[in-house]
Each structure stands twice: as structure tokens, then as C-alpha cells.
Amino acid sequence: MLSSTLYALAYTAALGLAQDIITDDTVFYGQSPPVYPSPKGTGTGDWASAYAQARALVSQLSREEKVNLTGGVDAHSSCSGTIPAIPRVNFPGLCLSDAGNGPRTTNFVSSWPAGISVGASWNRELAHERAVGMGGEFRTKGVNVALGPVVGPLGRIASGGRNWEGFSNDPYLCGALAYQTVQGIQSTGVITSTKHFIANEQETNRNPEDNVTAVSSNIDDKTMHELYLWPFQDAVKAGTGNIMCSYNRVNNSYGCANSKTLNGLLKTELGFQGFVVSDWGAQHAGVATALAGMDMVMPSGSPLWAGNLTEAVNNGSVSEARLDDMATRILATWYKMNQNASFPTTGVGMPYDLAAAHERVIATSPSNKDVLVQSAIESHVLLKNTNGALPLRSPRLISLFGYSAKSFSAYTPGAKGWNDGSEAAAQEHMQIAPDGTLISGGGSGANQPAYVSSPFEALSLRAYEDGSSLWWDFESGDPAVDQSSDACIVVGNAFAAEGWDRLGLHDDFTDALITNVAGKCNNTIVVFHNAGARLVDRFVDHPNVTALLFAHLPGQDAGRALVSILYGEVSPSGKLPYSVPRNESDLGALANATAPDGVYALFPQSDFAEGVGIDYRGLDARNVTPRYEFGFGLSYAAFAYSDLAVSAVDGADLARYPSGEVVAGGQEDLWDPLVRVSATLRNEGPVTAAEVAQLYVGIPDGDAGAPPRQLRGFVKPVLQAGAETVVRFELTRRDLSVWDVAAQKWALPSGEFRVWVGGSSRDLPLAGTLTI
């Protein structure tokens, strides 16, 4: 693939206009290879019965009824999108609703910890339990399709406005947690919509505006497979029923009209059996999107589909077979989740107006309480803890400061930000949300709290229980400090929202607040509710800043979780799902989004020239030391690693290429285990605690751009003080392979593989090798 720069040079040179702005997108034609026709769903594996039922039903439908399945309609509900019912065949229609972190725009649901918090937990089992709880709430509300999880953006751009909705910018960690989320939600009979496919890595220019097109993510084939497609592959393997195509262009072809990504990568290479829905308003062509592999458009079939799609089939522009496949994929997914046999009335708990009379549908459940709190606890990552600052030891007086320590001022239907996560945000774009505890990021990925436990509320309750005292100031940037304070806690945040990228990775007000408090208090504990990486170098080395916690976006139990950690009721066990650089310059071009510029003023181009070198992969390759590395997190315990063992699986097929059939997720033998790794983990600390043991692999790629090491395994055992366990990992063919662009297959290299096990990407005390 020629880069966009070379295409532009060729174009402008031909016209003799080296500096003229490109005004015609024909210059970019051919950058995304055409892949036609759109593959028919085959009903492979456990999809067979659902496809048989769907084909039988589709055979009974008129052409207009099949078209009606493919486009949203206006409905008197708060469902994000609605597919109309077909009463004569007992199809009740579909409610599609936001989002990947729990239901929104309704009542009697929970504010679950966000995707970034799940990433910080590094806990597969907990991710699954959270997903089951969220799925139960969606189901009770009559939501057929939950619009999540998010695995794109992956997190290429550190300031990305929607990074917080996903799990991690490492594809392995992101994919592993997406797998659990898909399986957990779908175990309740709710369809997951894994999004946004693909390379939707910035909010800036995500949509066309005025005469400027959406940004194009220009990616080579190897990078696409080894980074951005990887977590989608895990989601398809897990059985996700829906994939949402994205706003951006990919190699200058819109995501919902890109036949290479939809027909080629998703439906052919990954064997995806479900249906593809557009992001809301992401359709920019009619016939082209149908032929490229999109199956459903939201929020409305009009103006490009609906009657126009019927006309396109009538005149042969779109074949009847393609329309049948669209309808079959949609109905097969409905059958696969058993929604035909047992499901609440469509959208029953999604009233159009909560301020008007409506049926009360309570989706919260006592069975979810422990999962909500534990997910919030494991959202926290302890980054600094000096002088035994934490846990607190029977403090008599705590001084509490910072705007994120209290609940936001208003939370009623129709109040500012009530249903989009910006309850605490300012009216204008800011780096912080100054009006209260940040429990979620902003936009369609937000959720609705049943209540909010703020740090102030939780610390007040603890003071009541202990008979201790509390001072507070949530407004001043330079508050007075009682010198009798045992500890001063400063709670700030870092806000991010859909529709715009963050304005930076730190803010001057909060940095000054922290240093001002630290100048008056020799035990200053800093807590951030952060929707992404947050720089800390301006204050973290201050001798009076004794502890630092990244709470991420813990949901409605933010305060309760924080206090349980502060007082040592539990040991923190979260780990960073991204790296924290010392400053933006460490990230180079990946600190901020690409803007329209120069000849690309009308066609913004984001060249993914770094290849796979994002986050720790790029920092390691460039030998840049971050402030806190990927996978880092402290505990109240101490852990020792020993006894590394690496061995090949007896009888494993070590052929260069896989040979298995394509099933949902790709060739089936990609998941065959080839190598087993084990190590002994011992808790040498004084308390029971969990540790994330991490496995990294150095693959002999022969490619100069290959990362020195890549995450390829993690486990999180809980160990009592003095206890030890053997942690075990399996490395599959896929884990050890690289994408062969020429062969268009995953290739298992020959040579020496390096293996490391430890507590973070740069704390790897155990090292070994294996030769294939």
C-alpha cells in the first residue's frame, strides 16, 4: 500500500501544483483493496441451528419486510435504535441501546466501572461477572442488543476521547477482556455489538463536517492484523453477534463502506456469522455499503436505504441474495440468543420520557452488589506509597480536598449531563470535570448510577464509625490545612468524552492544588478519577506526596472502593493497562490526534507510521523510560517469582502456517497450544493480596519494527501472607505468530523465542528461551 503522502505527491506533481490543497478524493482511490462479493453467512459451528431457523423465516418475508429489518425507525422509547416488528411472523422487533459499560437513558440500572477500569483489574473472572450483571440489566430493560464492548479505539492516541470505553491499548489484554465480556453479556441472551470496526483511533474529524471528510486511518496489513484486528478476532471467537462499523475512513474508504475490512477481514478471514450495523450516522452511501458488507443502518434506514434499498434490489444494483443474507444474519443472531423463545417485551424498560408516567422496570439486583464494589476496588492502581502512608492507621483527622471528592450537584432526568456521563463536567471542553466525582467518561458510553458513593460520602461514614474528624474544601486551589491532620487527601480527575479528544494529559489547576497542599501537609495522598493516562511529573516527586492512586472510572461505588483501600480492608491489586510517560514528548506523534493540514486540509490523513509500536511496545523499542510502565501497580504485599519452566507441548504441530478450517474467529488451529510456561509466585508480604503475574514473549520476527516484547499471558491469583502457588500459561499458535503479508496467513517463525514472567512490562525477574 502506498502511503497517503506518496499518493498526494504523485497527484500534485502530475498537476504541477506541489502545494495546492487536494479537492478531489479520486487521488486516494485504490488505497483500500476491493473485496467482493460480500460473503454469505454459512451457519458454521454452533450457529447452524440459528441459521436454519433464520433461513426458514426469511423465506416467508416479502422484499419490503426484509428491507425493514435492515434500517432503524423512529420509536417512542429511549432505545438508541429500533428495528420494527413484523407481527405476521411473530417477530417483535429489536431494541439496540447504549452501551458497553451498562444501560443509559433509563432508570433503575447501575453505573458499572468503565472499560478502562476493567483493564486496570487484569481480572478475567471479574470481567465476566461484570458482564453477566450488565447483561441482566439490559435484558430486564428489554434491550436486545447492547452496544458494546469497545475494542476500538484500541488507544493509539494517548489523548483519545474514547480510550476510556475500551480495556487497554495492548491488543492481548484488550482481547482477553473483550472475550469475557462478550461471553458474559451473551450468556444472559443479550447480543453484544463489539465496536468500532476498525481503526477508530481519534475523535477529531471522526465525521465529515462542512467540506472536510472524516479522518483516514492509513494502516499497513501487518499492523492491522497484529494490533487493531486482534481484539476483534477475540470477540468474534467469543461469539459476538454484532459488529459496529466505524465513522472514520480506513485507507481512505469509509468504515461502513470498506469492502476490504468488512467483506475481507471480518466476514471472510474471521468467519464472522453475525451482522454488521453502522455507527449512528456513519453511512455515507447506499448501494456501496450494502455491497461492502454492512447489514443494518442506524438510526434510520432513510435516506440511503429503506425504500431506496428496495429500489436497488428491484433494479439489480443489489442482489436479492445479498438482501437475504442481510436479513438472515440479523435473524440468525436473534435466534442464536434464543430471543425468539424467551425475552422481555422489546424496550419495555426504556421509556421515552422519565418525567412522564411510565412503567417501572427495576433492573438493579442485590446479586450484583459485590461485583460492582469489587470491580470498583480493582479499578484502583497504587502507583506510589512511601513512608508507609497507606494503608491509613487509625487516623484521628483527615483533610479532604479537590473537586472530584464530592458528588456532582444535580442528577435528575433532564439535568445537565444526566445520561451522558458529564454530570460533573463543565459546559465547555475542559481537561477536568470540576463539579464532582467522575464515575464515567462522557458520551454514549456512559451509564446511569443508582446512587453515587463519593469519596466525601464514604470518608464521612468512616469518620462516623471511627469517631474521627474530617475537614474538607472542594473549591479552593490553595486551601488552608490543619497541621493536626494525619493525612491530606487530594482527589482530582482527568475527563474525556465522545466527540472530542482530550486537550492534554495534565491540567495546571490540579497540579497546583496538589503542590499547594503538599507544601502544607507532610502526608499528602493523591487520587485521580482518570479517563486515560495522566501525567504526574509536576508533583509526584514532592517529598510530601506520599501516595498516588489512579482510580480510573470506578462507577457508582467509587468512594466505597477507595475507602476500603485507604484503610487497608483490601490490598490494591490493579495494574496499569497503559503506560504513564514522563511528558507528552515521550509519545511523539502519538500524544495527540491528527488534524487536517496542508494538502490534506479537506481530507485529513492519519498515517499509522509507527506500525505496531504504540505504548510500551514503542517506548521499549526506542528505549524511553516511562514514569510508570505498562502493567505496573503496587500492593500492600510483596511478591517473589521463581522456578520458571518453559516447554513445548508434546506432539504440537509446528508447521509454519495454520491449516485448519475457518470458524468464527479465524482458522481453528490458531488456538492450538504450542508452549506451556509455569513459575512459582510467593506472597512475602504481611497481608492477603492478589498479584497479576504477566507473561511476555519476544518473537523472532526478523522485522526491524518488531517490539522487543509483547504481552501474551496473565493470571491473577489471591495469596495469603506467606503462601505460594504455581502460575501456568499456555501459548497458542496465534500468540507466537506474526502476520505474513505475502502469504496472507499467520506465520510461526523459527528460531529462539524469549520468554519473561514478572509483575510488569519492565519488572520481569524470570527469563527463559525456547527454540522452534
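Biologist: What makes a contact between two side chains a salt bridge here?

Modeller: A side-chain nitrogen of Lys or Arg has to sit within 4 Å of a carboxyl oxygen of Asp or Glu. This is a predicted model, and by that rule the count comes to 36 salt bridges.

Biologist: Why do Asp466 and Arg462 get that label?

Modeller: Their N to O distance is 2.8 Å, and the cut-off is 4 Å, so the pair qualifies. Both residues belong to helix 14 (residues 455-466), 4 residues apart, about one turn of the helix.

Biologist: Why is Arg462 called buried or exposed?

Modeller: Arg462 has a relative accessible area of 18%. Buried means under 20%, so Arg462 counts as buried. Asp466 comes out at 33%, which lies between 20% and 50%, so Asp466 is partly exposed.

Biologist: OK, and what makes Asp740 and Arg656 a salt bridge?

Modeller: Their closest N and O atoms are 3.8 Å apart; the limit is 4 Å, so that pair passes too. Asp740 is in strand 26 (residues 738-740) and Arg656 in the loop between strand 17 (639-648) and strand 18 (662-663), so the bridge ties together parts 84 residues apart in sequence.

Biologist: How do you know whether Leu383 is buried or exposed?

Modeller: Its relative accessibility is 2%, and the bar for buried is under 20%, so Leu383 is buried. Leu383 lies in strand 10 (residues 381-385). Leaving aside neighbours within four places in sequence, its contacts include Leu548, Phe550 and Tyr628.

Definitions and conventions: Residues numbered from 1 in each chain as written. Predicted model: local features only at pLDDT ≥ 70, side-chain atom pairs only at ≥ 80, totals over all residues. Heavy atoms only, no water. Helix = DSSP H or I, 4+ residues; strand = E, 2+ residues; numbered from the N terminus. Buried < 20%, exposed > 50% of the residue type's maximum accessible area, 1.4 Å probe, protein only. Contact = heavy atoms within 4.5 Å.
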